[in-house]
Amino acid sequence: MNALTSALLFAREEGERLAGGTFAGAETEDLDLSELTFQKVVFARCRFTGCDFGGAAFYGCDFRDCAFSGCRFPVSFWKDTTLSGCKAQGGDFRKARFKDCGLERLRLRYANLTGALWERCTLADCDLAESACQELRVVKSSLNAVDFSMADLFRANLKGVDLSGCILEGVTLSASCQELRGAKIHASQAAVVARILGIEITD
């Protein structure tokens, strides 16, 4: 049993909290980590497979180049946490809340972010293509080079968000495109909205 698995199991048995420490290049799988609290823990190049993080809380943590395969994060809470170069394709993040977090080069293709919240977060070079983002709420956050290609944004709240540097090709919106009301888009992205509204644009 490696140090990461041992620390997680100890935290589960002795108080539901893992505080401090750095774990590099470790792998763990099929652990029930639901409702566990992580505080100021650094994970570098770690791999998690089939783990349940439902209801877990992350405070001041740092994930670098980690991979989450078949992991679940519903109703999880993230505060002052950084995820850089991580992969969680197809991950379950329903109703997860991210506050004051930095997400960079995060791969979330096919992920489920239904009802999730990004508040005062910074997202850069993130892949959310074909993800489920229904009722996603984005508040006072910065999005740059975020790929929403073919994502489902139905009833997402993007008011006040600058999407001009994002990819919106093929997104699913409501018939009125109310999701983009109050958001900022680039002139070249207007064609996406026009197609949804049934407007034909000619040269």
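Is Leu-33 buried or exposed? In this predicted model, Leu-33 is buried, since its relative accessible area comes to just 2%, and the cut-off for buried is under 20%. The residue sits in the loop that runs between β3 and β4. Setting aside the neighbours within four places in sequence, Leu-33 touches Leu-8, Arg-12, Cys-51, Asp-52, Phe-53 and Ala-56. As for reach across the model, the C-alpha atoms of Leu-33 and Glu-104 are 24 Å apart, with the two positions 71 residues apart along the chain.

One of those contacts, Leu-8, leads on to helix α1. Leu-8 is itself among the buried residues of α1, together with Leu-4, Thr-5, Ala-7 and Ala-11. These buried residues lie on the same side of α1, because the arc they cover around the axis is only 165°. Their cover includes a run of strands, namely β1 (17–19), β2 (22–24), β3 (27–29), β4 (37–39), β5 (42–44) and β6 (47–49). Turn the helix around, and the face pointing away from the buried side carries Ala-3, Phe-10, Glu-13 and Glu-14, which are exposed. The length of α1 checks out too: residues 3–14 make twelve residues, which at 1.5 Å a residue should span 16 Å, and the end C-alpha atoms are indeed 16 Å apart.

Further along the chain, a second loop leucine comes into view. Leu-153 is found in the loop between β17 (142–144) and α2 (190–196). With a relative accessibility of 2%, Leu-153 counts as buried. Beyond its neighbours within four places in sequence, Leu-153 makes contact with Cys-133, Phe-148, Leu-158, Val-171, Thr-172, Leu-173 and Glu-179. Gln-178 is 25 residues away from Leu-153 along the chain, and the C-alpha atoms of these two residues are separated by 10 Å.

That leaves the empty space inside the model. There is one cavity of 30 Å³ or more, and the volume of the largest cavity is about 60 Å³. What lines this largest cavity? The lining is made up of Phe-68, Phe-73, Trp-78, Leu-83, Ala-88, Phe-93, Phe-98, Leu-106 and Leu-108. Sorted by character, the lining of the largest cavity has nine nonpolar residues, with no polar and no charged ones.

How values were computed:
Residues numbered from 1 in each chain as written. Predicted model: local features only at pLDDT ≥ 70, side-chain atom pairs only at ≥ 80, totals over all residues. Heavy atoms only, no water. 1 Å grid on protein atoms, 1.4 Å probe; cavity = no way out; pocket = protein on both sides within 12 Å on 5 of 7 lines; lining within 4 Å. Points joined across faces, edges and corners; volume = space filled by probe spheres on them. Nonpolar A, V, L, I, M, F, W, Y, C, P; charged D, E, K, R; others polar. Helix = DSSP H or I, 4+ residues; strand = E, 2+ residues; numbered from the N terminus. Expected span 1.5 Å × (residues − 1). Buried < 20%, exposed > 50% of the residue type's maximum accessible area, 1.4 Å probe, protein only. Arc of directions from axis to C-beta. Contact = heavy atoms within 4.5 Å.
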